[in-house]
Amino acid sequence: NGRKARAEDPEVTVYECHARFVGPHRLRVDVQTEIEADHIVIATGGRPSIPQVVPDAEVPYETSDTVMRLSSLPASILVLGGGPVAVELAHVFSSLGVQITIVEMADSLLATFDREVSRRFTAAVSDLWDIHLSTSVSCIRQNTTGIEIDLADGSSVSGEILFVATGRSPNTDSLGLEATIVTTDHDGRVVVDE
């Protein structure tokens, strides 16, 4: 295990806790310990972005962090989102025989890609998956067979499980970056000056 080997290296000190900047080159790693360095690498990764309608509904759901750990293969999956993560995992499960339903606010899947690629991909999978484009979620509820979603266009869809793949948010919001010269964009991604 790489982490164990690093922890045992006499040249490496591992702090297994949340760190927060308290100065441009200074981190507080616990209540009593601060460390300082000339260079600090920010590699905090991200977490799934979940639209508020999902937690408000109090229904079980999967994300890209959890969906590959399902204990059994579901018969059907409702996918919220139409970006790369959504369609990649929809393809994986579809290849295993799972019925896929996708709900996407944009007018095509992979909408941030080249327009022609997006259009052709959407057309190619339209015969394989039940795709609902240019609509949003009005209501989500659990029923006896899984999850049911009412859409803003008046239709409804259902599936055994709900997979939310509507993007990811960077884990920079609690780092105390205001104590540094590091800046972030409106989505919390670190901005690198060229």
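## Notebook: loops, strands and one helix

I began with S134, which sits in the loop between β7 and β8. I am working on a predicted model. The phi of S134 is positive, about 55°, although the residue is not a glycine.

I then looked up L110, where phi is also positive, near 50°, in a residue other than glycine. L110 belongs to the loop between β6 and α4. Is L110 buried or exposed? I read a relative accessible area of 8% for L110; the cut-off for buried is under 20%, so L110 is buried.

**Helix α4**

From that loop I moved on to α4, residues 115-125. At its start I found a side-chain oxygen of D114 within 3.0 Å of the backbone nitrogen of E116. Which residues of α4 are buried? I noted S118, T122 and V125. Looking down the axis of α4, I see these buried residues fall within an arc of 80°, so they line one face of the helix. They pack against β7, residues 130-132. On the face turned away from the buried side I noted the exposed residues R120 and A124.

**Aromatic pair**

How many aromatic pairs does a search of the whole structure find? I got 1. The pair consists of F121 and W129, with ring centres 6.3 Å apart and planes at 65°. Planes over 60 degrees apart count as edge-to-face, so I recorded the pair as edge-to-face. I checked the accessibility of both partners. W129 is buried, at a relative accessible area of 5%, whereas F121 is partly exposed, at 24%.

**Sheet β8-β9-β10**

I next followed the open sheet of 3 strands, which has the order β8-β9-β10 and antiparallel pairing. Which strands stand at the edges? They are β8 (137-143) and β10 (156-159). Each has a single partner strand, so one side of each is left without a neighbour in the sheet. Neighbouring strands here are turned by 20° against each other on average, direction ignored. For β9, residues 146-151, I listed 4 bridges to β10, in the antiparallel sense. As a register mark I wrote down I149, which stands opposite V157 in β10.

**Strands β5 and β6**

In what sense do β5 and β6 pair? I found them parallel, with 5 bridges between β6 and β5, the latter spanning residues 76-80. My register mark for this pair is I77, opposite I100 in β6. I also checked burial along β6, residues 99-103. Of its 5 residues, 4 are buried, so β6 is largely enclosed by the rest of the structure.

**Hairpin β1-β2**

Going back to β1 (residues 20-23) and β2 (residues 26-28), I counted 3 bridges in the antiparallel sense. How many residues lie between the two strands of this hairpin? There are 2. I noted G23 as standing opposite R26 in β2.

**Loop residue I181**

My last entry concerns I181, in the loop between β12 (168-170) and β13 (183-184). Is I181 buried or exposed? Its relative accessibility is 77%; the cut-off for exposed is over 50%, so I181 counts as exposed. I also took a distance from I181 to E11, which is 170 residues away along the chain. The C-alpha atoms of I181 and E11 are separated by 28 Å.

Technical notes: Residues numbered from 1 in each chain as written. Predicted model: local features only at pLDDT ≥ 70, side-chain atom pairs only at ≥ 80, totals over all residues. Heavy atoms only, no water. Pairing = 2+ DSSP bridges. Phe/Tyr/Trp six-rings, centres within 6.5 Å; stacked < 30°, edge-to-face > 60°. Buried < 20%, exposed > 50% of the residue type's maximum accessible area, 1.4 Å probe, protein only. Axes fitted to C-alpha atoms, helices over the stretch in contact; angles between N-to-C directions. Arc of directions from axis to C-beta. Contact = heavy atoms within 4.5 Å. Polar contact = N/O pair within 3.5 Å; in protein donor to acceptor, adjacent residues only side chain to side chain.
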